[in-house]
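Let's take a walk through a structure together, one stop at a time. Keep the 3D view open and turn it as you read.

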Amino acid sequence: MKNAEIARIFYEMADILEAQGVDFKPRAYRNAAMSIETLGKDIEDVYKKGKLKEIPGVGESLAMKISEYIETGKIKAYEKLKKKFPVDMKGLTSVEGIGAKTALVLYKKLAVKSLKDLHRAAKNKKIRKIKGLGLKTERNILANIDFAKESGKRIPIGKALPSAINVLRKLEESSTVEKAEIAGSLRRMKETIGDVDILVLSKKPSNTMDFFTKMKTVKKVLAKGKEKSAVILDDGLHVDLRLIPKDSWGSALMYFTGSKEHNVEMRKLAIKKGMKLSEYGLFKKQKMVAGKTEEEVYRKLGLQFVPPEIRQNSGEMEAAAKKKLPDLVELKDIKGDLQMHTKWSDGSDTVEDMAKKADELGYEYICITDHGGNLKIANSLDWKRVKKQRKEIDKVNRKSKVKVLQGLEINIRKDGTVDVPELLMKELDVVVAGIHANFKQDEKAMTKRMLKVLENRYVDIIVHPTCRMINERKPISFDKEKVFQKAADEGVVLEIDAQPSRLDLNDANSKKALGYGCMLSIDTDAHSAETLGYMHYGVGTARRAWATKKDILNCLSLKKMMKKLK
DNA sequence: GCCGTTTTCGGCCCGACTGTTTTCAGTCG
């Protein structure tokens, strides 16, 4: 797919145009780049159908440029810009404090083209001599260049959320705090987080700031002010605390929750309706008309309340205006968990432990899916041990309120066959299959492999379908269209693995799968009773994908769920 | 360069902060 390449070129053209002081075009290029990035369709197909101009933000001129790229592999206007300013814009502007304009000044005056050049220029004390820049800028550059290399690493939500909640609880216990809430991408349940934003309403601002910066878990105080403080915790998490005036609580929460793109659309809508929206409130001719709560702001703009998870400017504004937002799945809708491991294979607790915890969570059923087959993963069960385990499960079922089902997590071989005989699969309540080796097959082979396993009449659920590990392993590549369509046709359920290191399918792929009519299940893949509690991460991902409870297999009662399975 | 419940022209999100100025441009979120 050429989507990413074309988007990158447009982003870069935007930077160069902006550096030259061109008005408005940069925004147009960026808008188009973002649409293309998140298109969900192969841009070459769109081109072939002659529908480039239907992409939001793409008009006459950009459609020509896209066509040119697809036909010839390059864009003349881009080559021309690049020749004039052969600068690594993306690299240079990744340094905090350097934008397109500064990058261009540095190129013109000091021939800085790359981060390396920039580092050298700063070390040689050249920056301070440039008009418009100065000593502080030079020092900033030196300080931020190293930081730029180290940062950019976003923290997985599984680490950020518990830590942030811990801070939130402490704040709530403090006598000076009336209200505290997590905002930012964490509230939107994004899979990785840059830093955490916490908003507070305080009776005694200076005491609250003292309390915050002196918490035991604070490693370093980055800034301490009247309205905003920033710290780094022992675990490396960067947390910002902001004091919010009572009357602006809702508009501030909305502003700091983002996403940025959602906020921009909200402000545009406000203007269209003769108002103005900022973090301080919604105003009509200087007069505040809303701001205390988010609900109020959305209502005054004629919108349904938009849940944080889908504030991504990917259709939620239009749906909210038509009052047609989906009723997103909630944690309380979950009636069971269909993937987990016990001591029988590589888990750390017993069947009974899992059932007990599931009862605490209010579930109706769980399915034990220890590893099966002959692959050498983690103490896989053979037929004999499956039968022994069944006896133990029966025993637990005699006294457990939660119905315990027996399944196996089996392996999808290189050719799409599975490594467990049909007669054994037939005896199980649920069969879940996943890829555990040969991740690097090319797209064609991998697609074939997936299509083949989807035809297997005993396979109910494909677990962690893309096998990605956040920040660690890239997803396997297969043709999403073909595979999702096939899964829908065959009635095979695709999983959102709720392990915060996986979240697989991710939000975008889940949304795509739903578009093809697939059913999803949200399972924890727990290897201990405790981690059955990871369900909310999966639910967050499903919500980001606009999933309702009708889309989720394990929101069904036991009876209906079993009927849905192959 | 795009776009339209301000529709083929004239707009295009908002406010804070920083470092450089001497009233503001650039950058960021």
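Our walk begins with two neighbouring strands. Strand 13 covers residues 403-411 and strand 14 covers residues 430-434; the two run parallel, and five bridges join them. If you want to find one of those links yourself, look for Leu408: its bridge partner in strand 14 is Val431. Before going further, keep in mind that you are looking at a predicted model.

Now zoom out a bit. Strands 13 and 14 belong to an open sheet of seven strands, and the pairing in that sheet is parallel. Read across the sheet, and the order is 11-12-13-14-15-16-17. Which strands sit at the edges? They are strand 11 (336-337) and strand 17 (520-523), each of which pairs on one side only.

Zoom out once more and take in chain A as a whole. The chain is divided into four parts: domain 1 spans 3-151, domain 2 spans 155-243, domain 3 spans 248-321 and domain 4 spans 331-564. How far apart are the centres of domain 1 and domain 4? Taken over C-alpha atoms, 42 Å separate them.

Next stop: the DNA. There are 40 residues around DNA strand B, and the ones that come nearest are Arg27, Gly59, Thr102, Gly134 and Arg267. What kinds of residues make up this surface? They split into 16 nonpolar, 11 polar and 13 charged. Several elements each supply at least two of the residues here: helix 2 (25-37), helix 4 (60-72), helix 7 (100-110), helix 9 (135-150), helix 14 (260-272) and strand 8 (276-278). Helix 14 gives the most, with six residues.

And which part of the DNA does the protein meet? Count the atoms of DNA strand B within 4 Å of the protein, and 76% belong to sugar or phosphate, while the rest belong to bases. You can pick out some contacts with phosphate oxygens of this strand. At Gly97, a polar backbone atom is 3.0 Å from a phosphate oxygen of DNA strand B. Lys101 uses its side chain instead: an N or O atom there is 3.3 Å from a phosphate oxygen. Asn140 also has a polar side-chain atom in play, 3.5 Å from a phosphate oxygen of DNA strand B.

While you're around helix 14, follow the backbone back to the loop between helix 13 (249-257) and helix 14, where Ser259 lies. The peptide bond from Gly258 to Ser259 is cis, with omega near -5°. Another cis peptide bond joins Asp504 and Leu505, this time with omega about 5°. Leu505 is also in a loop, between strand 16 (493-497) and helix 22 (507-515).

The backbone has a couple of other spots to check out. Lys285, in the loop between strand 9 (281-284) and strand 10 (287-290), has a phi near 50°, a positive value in a residue other than glycine. Cys467 is found in the loop between strand 15 (461-462) and helix 21 (480-490), and its phi is near 60°, again a positive value in a residue other than glycine. Are these two residues buried or exposed? Lys285 counts as exposed because its relative accessibility is 77%, and the cut-off for exposed is over 50%. Cys467 has a relative accessibility of 1%, so it counts as buried.

Last stop: the aromatic rings. The structure holds seven aromatic pairs. One of them is formed by Tyr255 and Phe256, an edge-to-face pair with 4.8 Å from centre to centre and 80° between the planes. Tyr255 is partly exposed, with a relative accessible area of 30%, whereas Phe256 is buried at 17%. Tyr298 and Phe305 make an edge-to-face pair too, with 5.6 Å between the centres and 80° between the planes. Here Tyr298 is buried, at 0% relative accessible area, and Phe305 is partly exposed, at 32%. To finish, find Phe478, Phe484 and Tyr516, which ring pairs link into a cluster.

Methods. Residues are numbered from 1 along each chain as its sequence is written. Chains are lettered from A and ligands numbered from 1 in the order in which they are written. This is a predicted model: local features need pLDDT of at least 70, side-chain atom pairs count only at pLDDT 80 or more; totals for chains, interfaces and linings use all residues. Side-chain values use heavy atoms; hydrogens and water are left out. Two strands pair if DSSP finds at least two bridges between them. Helices (H or I, at least four residues) and strands (E, at least two) are DSSP runs, numbered from the N terminus. Domain bounds come from an automatic or database domain assignment. A residue is near a molecule or strand if one of its heavy atoms lies within 4 Å of it. A polar contact is a pair of N or O atoms within 3.5 Å; within protein, one must be able to donate a hydrogen and the other to accept it, and residues adjacent in sequence count only if both atoms are side-chain atoms. Ala, Val, Leu, Ile, Met, Phe, Trp, Tyr, Cys and Pro count as nonpolar, Asp, Glu, Lys and Arg as charged, and the others, Gly among them, as polar. Buried means under 20% relative accessible area, exposed over 50%, partly exposed in between (1.4 Å probe, protein chains only). Rings of Phe, Tyr and Trp (its six-membered ring) pair if their centres lie within 6.5 Å; planes under 30 degrees apart count as stacked, over 60 as edge-to-face and the rest as tilted.
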